Amino acid sequence: MNPLRLQKYLAHCGVASRRKCEEFIQAGRVRVDGKIVDQPGVKITPGRHNITFDGQPVSQKNKHEYYLLNKPAGYVTTLSDPQGRPVVRSLLKNIHTRLFPVGRLDIDTEGALILTNDGQFAQKVQHPSFETNKTYEAVIRGHIKQSTIRLLEKGIMLEKKMTAPAKIRFLSQKGKNSAIQITIHEGRKRQVRKMFGAVGHPVIHLKRIAYGRLQLRNLPPGQYRKLDGEDLKKVFL
């Protein structure tokens, strides 16, 4: 078998996304033939080298699995939390496969979250070059003007970098607030909240409703469903 970069091999084996695997390597959590390797660029040959992560053997024997979760507010999208807050993995009952979340939703944000053990799939969803759309419904403070919507759609300067074009649809007026739908393909931290905050309309409530054309629909909060091949194709449409 041809040599692979260590982080790519770990992602293939379902440890996490390639980017996250690089962090694990740099943190000294990966060993090759019993020795800690903390440089992501190291190449290994599957079947020839013994790879462990946190002391557990890593191999490509695991079948890839994919689940769509309707994340409730109050859960963090990490596998463990030093502050003791509940983590999204705890909501997938009776599933013993080691899964990790694809991307993130902050603790106050609800909605669609994919969990998998397929690092290559996770990399594809998150990498900017694939421009995978994520659609959100938000309630924002104030009555938003069409001119402001057009400005956000074109892109605004956020943390010294322009946001990519977005698609925004006004849904309804809710008293003094506005309900909108926004689709973006970037994955900056808390991006939707920061975009609307930057134009004077702080987000009151935020929910992701779709990856591409894979929609959350009527999946109840805290519940999940297993995804099949047709579902996965919709993510990139």
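**Figure 1. The whole chain, with 6 helices and 17 strands.** Helices (H or I, at least four residues) and strands (E, at least two) are DSSP runs, numbered from the N terminus. This is a predicted model, where local features need pLDDT of at least 70, side-chain atom pairs count only at pLDDT 80 or more, and totals for chains, interfaces and linings use all residues. Residues are numbered from 1 along each chain as its sequence is written, and side-chain values use heavy atoms, leaving out hydrogens and water. The C-alpha trace spans about 65 × 40 × 40 Å along its principal axes. For 237 residues, a compact globule would have a radius of gyration near 18 Å, and the 20 Å found here agrees with that; the radius is taken over C-alpha atoms, and the globule rule is 2.2 Å times the number of residues to the power 0.38. Buried residues make up 48% of the 237, where buried means under 20% relative accessible area (1.4 Å probe, protein chains only).

**Figure 2. Close-up of helix α2, residues 18-26.** Cys 21, Phe 24 and Ile 25 are the buried residues of this helix. Looking down the axis of α2, these fall within an arc of 100°, so they line one face of the helix; the arc is that of the directions from the helix axis to the C-beta atoms. That fits the usual geometry: an α-helix has 3.6 residues a turn, so residues three or four places apart point the same way. The buried residues of α2 pack against α1 (6-12), β2 (30-32) and β5 (51-53), with contact meaning heavy atoms within 4.5 Å. Just past the helix sits Gly 28, with a positive phi of about 80°.

**Figure 3. Close-up of helix α4, residues 146-154.** Here the buried residues are Thr 148, Ile 149 and Leu 152. Down the α4 axis they also keep within an arc of 100°, so they line one face of the helix. Their packing partners are β13 (167-174) and α5 (191-198). Gly 155, just after α4, takes a positive phi of about 120°.

**Figure 4. Close-up of Ala 112 in strand β9, residues 110-116.** Ala 112 has 0% relative accessibility, so it counts as buried. Leaving aside residues up to four places away in sequence, Ala 112 touches Leu 68, Leu 69, Leu 105, Arg 208, Ile 209, Ala 210, Tyr 211 and Leu 216. His 143 is 31 residues from Ala 112 in sequence and 27 Å away in space, C-alpha to C-alpha.

Terms used: Buried < 20%, exposed > 50% of the residue type's maximum accessible area, 1.4 Å probe, protein only.
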